[in-house]
Every structure is written in structure tokens, then in C-alpha cells.
Amino acid sequence: MKEYIRGLLSGKSIGLGYIPVSFTFGLVAVQMGFSPWLAVFISFTNLASAGQFAGIRLIEGGAPIIELCMTTFVINLRYFLMSLTLTQKIVPKMPLWKRCIMAFGVTDEIFALASMEKEDVQFPFFGGLMTLPIVGWSFGTFLGAFAAELLPPIVQACMGIALYCMFIAIIIPPATDDKHILYSILIAAAFSCIFKYVPGINIISQTGGGWSMIISAVAAAAICASLLKRKPQNNQTKEVSA
Amino acid sequence: MNTITFSSAGIFVAVMALTTYFIRVTPLALFNKKLESQWIKDFMFYIPFCVLSAMTFPDVLFSTKSLTSGVIATMAALILSWRKRSLVTVALAAVLVAVAVELIVV
């Protein structure tokens, strides 16, 4: 119980941070013609920022189910790597059903906080950690879906930046203390720009951006792992102080 | 415009949710030994930073109404997060800056 409360408190700021972003999702979904409760349901069952935005765009455009499935898969593939990393971080011999519950809460922000833990992560802590973000994500969508019309159009048009700025707020602070992290961020951003702007190569990003993101990230992380080695034994996740 | 509801889009929404969950649960359910390779550990250390960076840049610049407000709001977010401000502060400040730029400059 103590661990659950500790997780709950750690997750508070993520839950709050999710509200403006999921608010934007609710707003965009309703503008596209989704019923407000369906938007809330999508948020509650997916808990996936970028994947959801791409998904509703495809559903609204009448894309075939296979394309929806593939796009969701590629954009969310990073969660696979995060879950895989978490298997190295959780207490040994955790039962399967607990792992299956934990899996639901693997998001960029929750993962970043969990990997910052000094000790192995226990189930109650992770359960606490994911609780408020799930509430915040669903509640923000609810607010956005039902209160969208109350906002001036100019504010609505600018809310999309909230998602990206939350990503910035996760990766930049640890980079201020660790040059290697800063380099990894710069290399990945450079790859991403190359895939978007260099003629011939930019065909990769024209299918929705999922593939160019995955290739950029994997290439950048591989380069960094080869050239910028971390100290072995040293608790590596200590530096992730988002 | 037709409203998209549970009855018209339920299957699509279910496919989205199941695909997302499948990706998250597979490693946690099937993989339970400790990795030895230092390279793989390092790779995984860098992955979250690289994924979020590649998702953010350059798209963040085009996420508001105009490029001008996008660029200025992104710079505001970078400065605030360099000073280790919280998620909420950075996200809200960037939206406010973008709106201000739209109202004043553009």
C-alpha cells in the first residue's frame, strides 16, 4: 500500500500534464465528427498520444482496417522497446497477471519515471504510478470533447503544440546534465529532418510519418550505443530525471 | 457531417486498442530474463530520448496555426525545459506563447 501511494504521488504531475494534451485530443476528435463518449473511450482504451491522433485521422478518412492496424503498430512500436526495457527493471519473478496489468500503463512519461527509480520496480508502485495518468488522460479528453466550443478558435488551433512540448519537457532536462543524452536527441532529430526534407529519402515520411520516426530513433540509438558507451554497473537510469 | 459513433466505428476503435495493448504486453508477458549485453542496455537507454526527439522534430514547428508561432513557441518550450520546468508548465506556456504570437505578430 505504501508503494502504491508513493507511485500515486509520483504520477500526479504526469496526470496533470496529460490534461491539456488529451483535452486537445477530445477537441480534435469531436471536430472530426466523433461522438464525445467515443473519444473518451478511445483515450481510456489506448492511452497513447500520437497513436490516437493518427488513428482518428484514419478512421475519419475511411481508411481500411489493415492500414489503421499497421499505422497504430508502427507509431506505437516504441512501447515495445519500453516494455522490453521494463522487463529488465521490474522485480524478478513477477506473476504474469501483474505484468499484463502493468503493460496497459506503459507510456512515454510513465516509462521515463519508472526507469528513473533507483531500485527494481514493484507492482504496487507501478500501479500507483499509472493510476492518475489514466484518470487525467480520460478526464482531459472528456473536458476537450464537451467544452471544445467554449474556446476561441485561435486557442484551439494552437493546442496541438502541447503534445510535442510535453515530449520536449521529458527529454531536455536530463540532457542538461548528460552530454551523451543531448547528442542522442540531436542525432535523432537530424535523422528525422533528413527523412522529411531530403529529396528521394523523404518518400519514407509521406506514409504518415510512422516509419521515418522508427528508423530515425533506432538508427540514432544504435549509433549512440556504439560510440557513446555508458559506464557498466553504474545505475544507468539515474540520469533520467524527467 | 455524420457523427462517428460506437456502432459505426466500434470495430476500428477496438482494433486500435488491441494493437496498442498487444505491442505493450508482448515483451512483458514473454520475456523475463536479464540481458547481459552492454550494447543492448546502452541502446535501450538511448531509445526513449531518440523516439521522442524524432517524433517532435521537425513536426513541432508546424503544430500551430503558422510557422512563426510554431518556431517561437518551440524556442520557449526548449528554454523552459532546459531550466527544468515541469511538463505542465512547459506545455501550457508553449500554447500561450503560440496564441500570443498569433494575436500580436501574425
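1. In this predicted model, the interface between the two chains brings 72 residues of chain B into contact with 88 residues of chain A. On the side of chain B that touches chain A, the elements that give two or more residues are helix H1 (6-30), helix H2 (38-56), H3 and helix H4 (87-104) of chain B. By residue class, this side of chain B divides into 48 nonpolar, 16 polar and eight charged residues.

2. One part of the contact between the chains can be described as a helix pair: the axes of helix H10 (residues 161-177) of chain A and helix H3 (residues 67-82) of chain B come within 8 Å and cross at roughly 35°, and the crossing of H10(A) and H3(B) is right-handed. From H10(A), the residues Ile161(A), Cys165(A), Ile168(A), Ala169(A), Ile172(A), Pro173(A) and Thr176(A) take part, and they meet Gly70(B), Ala73(B), Ala77(B), Leu78(B), Ser81(B) and Trp82(B) of H3(B). The residues of this contact comprise ten nonpolar and three polar, with no charged residue among them.

3. Ala91(B), which lies in helix H4 of chain B, offers a residue-level view of the interface. Apart from neighbours within four places in sequence, Ala91(B) is in contact with Gly17(A), Pro20(A), Val21(A), Ala162(A), Cys165(A), Met166(A) and Ala169(A). Ala91(B) counts as buried because it has 31 C-beta neighbours inside 10 Å, where 20 or more are needed. Within its own chain, Ala91(B) stands 75 residues from Met16(B) in sequence, and the C-alpha atoms of these two residues are 26 Å apart in space.

4. Ala100(B) also lies in helix H4 of chain B, but this residue is partly exposed, because 15 other C-beta atoms lie within 10 Å. The C-alpha atoms of Ala100(B) and Ala76(B) are separated by 12 Å, with their positions 24 residues apart along the chain.

5. In helix H2 (residues 36-46) of chain A, the buried residues are Leu38(A), Ala39(A), Val40(A), Ile42(A), Ser43(A) and Asn46(A). The partners against which the buried residues of H2(A) pack come from both chains, being helix H1 (2-32), helix H3 (49-60) and helix H8 (123-147) of chain A together with H1 of chain B.

6. The residue that follows H2(A) is Leu47(A), and it deserves a check of its backbone, since Leu47(A) has a positive phi of about 50° although it is not a glycine. Leu47(A) is found in the loop between H2 and H3 of chain A, and it is classed as buried because 26 other C-beta atoms lie within 10 Å.

7. Two further backbone features belong to loops of chain B. Phi of Lys84(B) is near 60°, a positive value in a residue other than glycine; Lys84(B) lies in the loop between H3 and H4 of chain B and is partly exposed, because 16 other C-beta atoms are found within 10 Å. The other feature is a cis peptide bond that joins Phe57(B) and Pro58(B), with omega of about 0°, and Pro58(B) lies in the loop between H2 and H3 of chain B.

8. As to domains, chain A is divided into domain 1 (2-163) and domain 2 (178-242), and the C-alpha centres of these two domains of chain A lie 22 Å apart. Chain B is divided into domain 1 (8-55) and domain 2 (57-106), with 29 Å between the C-alpha centres of its two domains.

9. Ile201(A) is found in the loop between helix H11 (179-197) and helix H12 (210-227) of chain A, and it is partly exposed, because 14 other C-beta atoms lie within 10 Å. Leaving aside neighbours within four places in sequence, Ile201(A) is in contact with Ile194(A) and Phe195(A). Between the C-alpha atoms of Ile201(A) and Pro95(A), which are 106 residues apart along the chain, the separation is 45 Å.

10. On confidence, chain A averages a pLDDT of 86, and 92% of its residues score at least 70. Over residues 233-242 of chain A, however, the pLDDT is below 50, although this stretch has 24 contacts in the model beyond near neighbours in sequence. Where pLDDT is low, the predicted coordinates should not be read in detail.

Methods
Residues numbered from 1 in each chain as written. Chains lettered and ligands numbered in written order. Predicted model: local features only at pLDDT ≥ 70, side-chain atom pairs only at ≥ 80, totals over all residues. Domains from an automatic or database assignment. Axes fitted to C-alpha atoms, helices over the stretch in contact; angles between N-to-C directions. Helix = DSSP H or I, 4+ residues; strand = E, 2+ residues; numbered from the N terminus. Left-handed = near helix turned anticlockwise from the far one by under 90°. Contact = placed C-beta atoms within 7 Å. Nonpolar A, V, L, I, M, F, W, Y, C, P; charged D, E, K, R; others polar. pLDDT = per-residue confidence, 0-100. Buried ≥ 20, exposed ≤ 12 C-beta atoms within 10 Å, placed from the backbone.
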